[in-house]
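Welcome, and thanks for opening the viewer. Let's take a short walk through a few selections, one stop at a time.

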Amino acid sequence: MVTAGAASLTTEMAGARLLAPFFGASNLVWANVIGLTLIYLALGAWLGGRLADRYPTERALACVVLAAAISLAILPFVTRPLFGLAADAFDELSTGAFIGSFLATMLTFCVPLTALGAVTPWAVRLAMTDVSGAGRVAGRLSALSTLGAIGGTFLPVLVLIPAIGTRRTLLLAAAALALAATPATPRWGRLAAPMLIILTVMPTGGVKSARAGERLLFEAESPYQYVQVVEQADGDRVLHLNEGWAVHSILPAGGGATGGYWDAFLALPVLARREKGRLAVLGNAGGTVANLYELTWPGYQIDGVEIDPTVSSVGRRFLGMRNPALTVHTADARHWTASSTERFDAVIVDAYRQPYIPFHLVTREFFEEVRARLEPHGVLAINVGTPPDELAVVDRIAATMRAEFPAVQVARYDEFNSIVLGFSDVTAARLATKRLLAAKGSARAPSQILAERLRPTNPTDEPFTDDRAPVELLTDQGLLAYLRSGAPGA
């Protein structure tokens, strides 16, 4: 019972991680994983109860557990072709193919989870010798299953997945199931446990191959996400997280400007009118902003906040994150902001659990905390990534910032990224375009782009709060609308 309970939750937790490099770790993915897990376990409990009355033997139960073990071991391998279909479908903006490949992937969890759901009623049936003790027997076995489930929740996430990876974690769970079933398994099934143990220690290969023209430099599964660094055909190095549709950091082959939204943050000292100062980057990732500031604004001390130490490590190793003025803090950005005693000339928010900005970093309460950390001339800048023409999230974040900042302006910096600026000083906001147009040096080009695209806002949308911030819902709606459009920028 303990092994079956642990395997059920291990399948759920590891299954979500198996999906993340291709489908992301959005609320929609988690809702499907959790919901279908419960459906399959309920179906298994119903079938298990009926079959246990018909075949009340330990051997029959052992065969069910063995079926769960074998199907669980197959799972990491049969899903790979479906993952490839999903990636191609998103690239081609095919809604039907993307959803179809996702549903097909989820169906592969049906066999192991349904079989595991059948274990508890079957075990109760076998353990029942006297009706007068039915409650005691059911309670004891249910408690054992729950204890296993607790272990299956924490052990994979905190220990196994970071140490041996998602696929080996699933194979290890399958081997444990087969081993538990061995004493009552028919002779033909007794080889399953040693074979699965051997499979667990064999090389499993990479999680996700690089795309055509790219060279894979690094991949790992951290406690937070799947992390990948690739070198593109032009020599640029980029950081991908989870499904890899977004670039979270970049090291240009030629150095200097990135050509992406990160360059826009070079305009903040221009807006704050401070050539030397202090900058906080909430969502430091691989250190792209710090690299840019080392070249353009060497007088700035930078506090980079990144929750995932693996990401910080690859930033130093592969993405040139060596700015001596950068101090990296491994922490949640909201907690760090609330506990910090420093004051900043500018704060950047560029934190994503793709495809979402963490909701607690775009609420009115958070912006109140940020403003308290800004100097009177300070500026807050947020990168908001959305599909083309899908600006609902941008408008709601601007409305929320406007509830705490006296002036807010927005620029659609490129096809997929908007920069939302919150000004502590109204005069600075009014003179923003003039100051941007007067920028010189390396900050000139991004400042010109911001100046051309900057627009004031007077939003009337309801602000996000810690109690109600439907960022995920608005983001999902934008992504589905983009998929249905059938073409980039449509």
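**Stop one: a strand and its neighbours**

Begin by selecting Ala-381 and Leu-421: Leu-421 lies in β11 and is the bridge partner of Ala-381. Keep in mind as you look around that this is a predicted model.

Now widen the selection to strand β9, residues 374–385, and to strand β11, residues 417–423. β9 and β11 run antiparallel to each other, paired through seven bridges.

Next, add strand β8, residues 344–349, to the view. Which way does β8 run relative to β9, parallel or antiparallel? The two are parallel, and five bridges join them. To see one of these pairings, pick Val-347, whose bridge partner in β9 is Leu-380.

While β9 is still highlighted, try showing its surface. How many of its twelve residues are buried? Nine are, so the strand counts as mostly covered.

**Stop two: two helices that cross**

Move on to helix α7, residues 134–164, and helix α8, residues 166–181. They pack with their axes 7 Å apart, at an angle of about 115 degrees. Because angles of 65 to 115 degrees count as roughly perpendicular, that is how α7 sits relative to α8. The crossing of these two helices is right-handed.

Show side chains here to find who makes the contact. From α7, select Pro-156, Leu-160, Ile-161 and Ile-164; from α8, select Thr-166, Arg-168, Thr-169 and Leu-172. Colour them by class and the contact of α7 with α8 splits into five nonpolar, two polar and one charged residues.

Note on methods:
Residues are numbered from 1 along each chain as its sequence is written. This is a predicted model: local features need pLDDT of at least 70, side-chain atom pairs count only at pLDDT 80 or more; totals for chains, interfaces and linings use all residues. Side-chain values use heavy atoms; hydrogens and water are left out. Buried means under 20% relative accessible area, exposed over 50%, partly exposed in between (1.4 Å probe, protein chains only). Helices (H or I, at least four residues) and strands (E, at least two) are DSSP runs, numbered from the N terminus. Two strands pair if DSSP finds at least two bridges between them. Axes are lines fitted to C-alpha atoms, for helices over the stretch in contact, and angles run from 0 to 180 degrees between N-to-C directions. Angles under 35 degrees count as roughly parallel, over 145 as roughly antiparallel, 65 to 115 as roughly perpendicular and the rest as oblique. A crossing is left-handed if the near helix is turned anticlockwise from the far one by less than a right angle, and right-handed if clockwise. Contact means heavy atoms within 4.5 Å. Ala, Val, Leu, Ile, Met, Phe, Trp, Tyr, Cys and Pro count as nonpolar, Asp, Glu, Lys and Arg as charged, and the others, Gly among them, as polar.
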